[in-house]
Structure formats: structure tokens, C-alpha cells
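User: I would like to learn how to read a predicted model feature by feature. Could you take me through one, giving the general idea and then the case at hand?

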Amino acid sequence: MTAWDTPHPWLTAPEPGVDPVVRANAYLRWVRQRSPQSDWITLPVAAEQHLAVLTALGLDIHTLNQQLHQILMDLLAGLRLEERPLVQMVAAPLALRVGIDGLCNLQTQPITLIVDPSRIAVDDWPHLVVHELAHALTQGTGHGPRFFHALTALCIAQDLPIPPSDSLQRGLLPYWPPCRPNPQADQFWSAGEWG
């Protein structure tokens, strides 16, 4: 079975008549179940915006997930079939206190990559996906030599900046490839304009 034989259920538009708030809550519950800690997934909005954000998520989260899924599929297509991990990718708002923009949960089947694209410039979303896919390829959470080699190969294949040879010594790998911040990160989840 290849990675794209089992896409997650949040790549399609909602059925007609489905309450977007109910759908959004179901989506967040689904992502929380695939996160190492459920409280890592949290909406970073003021209470008065909560309903609007849930409505946007319920109506349009599939468009954001489709964009990220396509980036993932392009990356996997560059790997030999036997190298491709069984992996799925979703977007979710990660709590600021966690201090990360993405994670790779190796404990789920398929492996789940959860990224928060709100903090990253759209053009750099592939950088974020490459980083998390490198974790899936190495089956590890650390940023050691195996991660360096996997990340380097992915960066070369996608024509992304290659980590310097001294990346391990300089502690660069947790932040590689470099990503530019989204100047409107605080509005991302409330705007709901991902298509």
C-alpha cells in the first residue's frame, strides 16, 4: 500500500447541509486524537472570534488540507516506492506555547504530519512539509545524522536550500529549511481564506 492509497477523510468538501461548526469540532477532535498531546491543538483567537473561526474551518479546511496534501504527494513521488512511508498530513492551529510549527507523530498509523501553516509564508509551506516528512522517513523525532541525510536528499529533490555540512554542530536542523514568517499570522485562522 502506498501513502496516497489512504488519504485522510478531511480532503473533501463538506456534504450539503452539514453544520460547519459541528464539522469543525469533529475535525479538531480528529486532529487532537492524532497529536502527541491533545491540548497542543488550540484555536489562537479571542472568544468573540471563536464561532467565526469554527465556521471557516468547517466550510474550508479541506482546501487547506488539499494544498498541503499536494505538496506531500509531490515529495513522495520523488522517492522510490519502497522508501515512501505511509503518511497523512493535516493543518491545525498549534498552541504557541508548544514552540513548533509542525510535528510528525510516528505513533499513528498512518504516520501523521500536523503543521500550522498560519505562521509560515505560503511560498515556504513546502519547507515545513519537507522537514516533517524527513522525520517520517527516518522514523525518529531527533535531528541527528540520519535526519540530516534524509532532509538533505529531500531538499535536493525539491530544489530547496540544502542544510550546511556543519548543521549538526551549529544546531540548525530543527529549523531547516528556513521559513519566512507570515506577517498576517494572527489573522490566518480567522480569515479562513485558504483556497
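User: Let's begin with helix H1: how many residues does it have, and how far does it reach from its first C-alpha to its last?

Analyst: Keep in mind that this is a predicted model. A helix can be checked by its rise, 1.5 Å a residue. H1 covers residues 20–33, which is 14 residues, and it reaches 20 Å between its end C-alpha atoms, close to the expected 20 Å.

User: Which residues of H1 are buried?

Analyst: The general idea comes from the helical repeat: an α-helix has 3.6 residues a turn, so residues three or four places apart point the same way. In H1, the buried residues are Pro20, Arg23, Ala24, Tyr27, Leu28, Trp30 and Val31. They lie on the same side of H1, because they cover an arc of only 160° around the axis. On the other side of H1, Val22 and Gln33 are exposed.

User: What do the buried residues of H1 pack against?

Analyst: Their partners are helix H2 (50–77) and two strands, S1 (87–91) and S3 (111–115).

User: And what happens at the start of H1?

Analyst: There, look for a side chain that approaches a backbone nitrogen. A side-chain oxygen of aspartate 19 comes to within 2.8 Å of the backbone nitrogen of valine 21.

User: Let's try the same reading on H4. What span should its residues give?

Analyst: H4 runs over residues 145–157. Its 13 residues should span 18 Å at 1.5 Å a residue, and the end C-alpha atoms are 18 Å apart, which agrees. The buried residues of H4 are Phe147, Phe148, Ala150, Leu151, Thr152, Leu154 and Cys155. They pack against H2, helix H3 (125–138) and helix H5 (167–170).

User: Is threonine 152 buried or exposed?

Analyst: The cut-off for buried is under 20% relative accessible area. Threonine 152 has 13%, so it counts as buried. Setting aside neighbours within four places in sequence, its contacts are Ile162 and Pro163.

User: Next, a residue in a strand. What surrounds glycine 102?

Analyst: Glycine 102 belongs to strand S2, residues 102–105. With a relative accessibility of 10%, it is buried. Beyond its neighbours within four places in sequence, glycine 102 touches Leu94, Ile114, Val115, Leu128 and Glu132. The C-alpha atom of glycine 102 is also 5.9 Å from that of aspartate 116, although the two are 14 residues apart along the chain.

User: Which backbone angles deserve a second look?

Analyst: Most residues other than glycine have a negative phi, and most peptide bonds are trans. Here, glutamine 139 has a positive phi of about 55° although it is not a glycine, and its place is in the loop between H3 and H4. Aspartate 159 also has a positive phi of about 55°. It follows H4, in the loop between H4 and H5. Aspartate 159 is exposed, with a relative accessible area of 72%.

User: Where are the cis peptide bonds you would point out?

Analyst: One runs from glutamine 109 to proline 110, with omega near 5°. Proline 110 is in the loop between S2 and S3. Another runs from tryptophan 176 to proline 177, with omega near -5°, and proline 177 lies in the loop between H5 and helix H6 (185–191).

User: To finish, let's step back to the whole chain. In what order do its elements run?

Analyst: The protein chain has six helices and three strands, and from the N terminus on they run α-α-β-β-β-α-α-α-α.

User: How does its radius of gyration fit a compact globule?

Analyst: The test is to set the radius of gyration against the value for a compact globule of that many residues. For 195 residues that value is near 16 Å, and the protein chain has 16 Å, which agrees. Its C-alpha trace spans about 50 × 35 × 30 Å along the principal axes.

User: What percentage of the residues is buried, and what does the chain expose?

Analyst: Buried residues make up 49% of the 195 residues. The protein chain exposes about 9700 Å², with carbon and sulfur atoms supplying 54% of that area. As for contacts between residues at least 6 apart in sequence, 65% join residues at least 24 apart.

Notes
Residues numbered from 1 in each chain as written. Predicted model: local features only at pLDDT ≥ 70, side-chain atom pairs only at ≥ 80, totals over all residues. Heavy atoms only, no water. Helix = DSSP H or I, 4+ residues; strand = E, 2+ residues; numbered from the N terminus. Expected span 1.5 Å × (residues − 1). Buried < 20%, exposed > 50% of the residue type's maximum accessible area, 1.4 Å probe, protein only. Arc of directions from axis to C-beta. Contact = heavy atoms within 4.5 Å. Polar contact = N/O pair within 3.5 Å; in protein donor to acceptor, adjacent residues only side chain to side chain. Rg over C-alpha atoms; globule rule 2.2 N^0.38 Å. Areas by Shrake-Rupley, 256 points an atom, 1.4 Å probe, with all protein chains shown as cover.
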